[in-house]
Amino acid sequence: MSSQQQHTPLLEDCPYDHEEDCEAEKTQGDFTQKAALVTASVVVYWLSVSLVPVYNKRMFNPHIFPYPITTAAIQLVMVAFVLGVISILKHYLLDKPVATPSDTLSEEDAEGGGEAAHRESLHCRPEIVYPSWVWGPHLTYKLRVLAPLGILFGLKYGVTNWGLQLVPTPVHVLLQATDIVWTVLAAVIINRERLGWLELGACAGAIAGTLLLGIELGASYSTNKTRWLVFALAVNLTSPILLGLCISTLRRATVLLMLSDNGASTEGARKRRAGLHDMTCVELTCHKLYISAASAAMCSVLLEGFDVLRSRQAAVPVFQALCDNPYVMLQLAPGSVLIMIFQVNLTWLSALTSATTVGVVGGVKVVPQWIISAMFSLHIDLNPLSLAGATVVMVSAAIWTCARMREEKRSISV
């Protein structure tokens, strides 16, 4: 069959007179499909990230397990173990070997004479490889790429739980909204992303709302607790800084390990041969979380085991608490399930979008988080400063989200 005959059905399938119209319809269809995937991912993100602090706050009860950093380490170990098992089962039960295409010689090889010809003969036959899996080839390369992300996230999650223990849950989630600011700085500096005046104004609003919340929180405590209040605010405002760095390094990791330009470029072909082009969200999250678990565990030993900051004199050392309550692992399991859903979904969302967009979703999460935490705590602070701070933070997050969604749609259409 001739090439013209093969091409004719494609033209007949197109309802338009010009191929440009068909391309425009295909582009619109791609955008609609991606928008649906992103929307579903965002909904899962908001639900899971809103329920985790509510559940963990209950766990930090002095009569249950008041060790937030150890809780983070245990939950991360649980999630990493489950994801590792899933990756191994997928490899042995579902994965099929695939033949990778041969490489295209570079200009230097093309001019290299016999040596280049020999290399070409070696590449003329396709190479048989298996899809990437958790104990697959190039493990050291994967760990080298993911080590900064894993260490940062372990610190971030431990500090987040610590801050959650120190202040009420609704206040905690509102203070976390300052992650917009740090996500912006990290995205601009690390990923070279551009932002407009509307986004910068939303960041300023988040800062202003946080200041109002800090003033209101200070007014609710006596003067002799000022030092403790400053410490609690410092811990809660450190977590958003680490989150901004985590999101940007996560985007970098997904680009290096998951995206391959469909093998169209030389770099894409290299990743395809190495088994990196099809690295799944499950595998990437597994590698990230066992590094994070080690990072959180080190902090746990120092801060809750040996109490190097002398901030837990009245508490039983964490080693003794684990021996006294061996069933605490079962109590932490439901929170681990929520974290697993959140982490895998976050990796997928980062691969679908940009670092700044993930920061957008993370910033506006304060709205469902505040509502859900208020529902479970059955208490809403009606103090004018508190309401003003919450309103400014949530409106700023909404403005930020709308601005970034418009920019994302514009970049996709271009």
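## Valine 52 and its partners

Valine 52 touches Tyr157, Leu338 and Ile339, leaving aside residues up to four places away in sequence. The model is a predicted one. Valine 52 sits in helix 2. Its relative accessibility is 12%, so valine 52 counts as buried.

One of these contacts spans a long stretch of chain. Valine 52 and leucine 338 are 286 residues apart in sequence. In space, their C-alpha atoms are 6.3 Å apart.

## Overall make-up

The protein has 17 helices and 2 strands. Of its 414 residues, 46% are buried. Consider the contacts with a separation of 6 or more: 84% of them join residues 24 or more positions apart.

## Nonpolar cores

The largest nonpolar core holds 52 residues. Leu76, Leu146, Tyr157, Leu284 and Leu289 have the most contacts inside this core. Six helices are named as suppliers of at least two residues each: helix 2 (19-59), helix 3, helix 6 (139-166), helix 10 (226-257), helix 12 (281-305) and helix 14 (328-352). A second, separate core has 20 residues. Leu175, Val184, Trp370 and Met394 are among them.

Leucine 76 shows what such a core residue meets. Beyond residues up to four places away in sequence, leucine 76 touches Phe153, Gly154, Tyr157, Leu289, Ser292, Ala293 and Ala296. Tyr157 also appears among the contacts of valine 52.

## Surface

The exposed area of the protein is about 21,500 Å². Carbon and sulfur atoms supply 66% of that area. One nonpolar surface patch covers about 840 Å². The patch is made by Phe81, Val82, Val85, Ile86, Leu89, Tyr92, Leu93 and Leu94.

Valine 85 is one of the patch residues. Valine 85 lies in helix 3, which runs over residues 68-93. Its relative accessibility is 33%, so valine 85 counts as partly exposed. Helix 3 also supplies at least two residues of the largest core.

## Salt bridges

Side chains of opposite charge can pair when their charged atoms come close. A search of the whole structure finds 2 salt bridges. In one, the side chains of aspartate 95 and lysine 90 meet at 2.8 Å, N to O. Aspartate 95 is buried, with a relative accessible area of 11%. Lysine 90 is partly exposed, at 27%.

In the other, glutamate 283 and lysine 142 meet through their side chains, at 2.8 Å, N to O. Glutamate 283 lies in helix 12 and lysine 142 in helix 6, so this pair ties together parts 141 residues apart in sequence. Are these two residues buried or exposed? Glutamate 283 has 0% relative accessibility and counts as buried. Lysine 142 is buried too, with a relative accessible area of 1%.

## Cysteines

A disulfide is a covalent bond between the sulfur atoms of two cysteines. How many disulfides does a search of the whole structure find? The count is 0.

Two cysteines can be placed by their accessibility. Cysteine 281 has 13% relative accessibility, so it counts as buried. Cysteine 286 is buried as well, with a relative accessible area of 2%.

## Threonine 160

Threonine 160 is placed in helix 6. At 10% relative accessibility, threonine 160 counts as buried. Its contacts are His172, Gln176 and Ser239, with residues up to four places away in sequence not counted. Lysine 142 of the salt bridge with glutamate 283 is also placed in helix 6.

## Histidine 138

Most residues other than glycine have a negative phi. What is the phi of histidine 138? The angle is positive, about 60 degrees, although this residue is not a glycine.

Histidine 138 lies in the loop between strand 2 (127-129) and helix 6. Its relative accessibility is 41%, so histidine 138 counts as partly exposed.

Key: Residues numbered from 1 in each chain as written. Predicted model: local features only at pLDDT ≥ 70, side-chain atom pairs only at ≥ 80, totals over all residues. Heavy atoms only, no water. Helix = DSSP H or I, 4+ residues; strand = E, 2+ residues; numbered from the N terminus. Buried < 20%, exposed > 50% of the residue type's maximum accessible area, 1.4 Å probe, protein only. Contact = heavy atoms within 4.5 Å. Areas by Shrake-Rupley, 256 points an atom, 1.4 Å probe, with all protein chains shown as cover. Patch = residues over 30% accessible without salt bridge, like charges linked within 9 Å, V, L, I, M, F, W, Y side chains within 5 Å. Salt bridge = Lys/Arg side-chain N within 4 Å of Asp/Glu carboxyl O. Core = buried A, V, L, I, M, F, W, Y, C linked by side-chain atoms within 4.5 Å. Disulfide = S-S within 2.5 Å.
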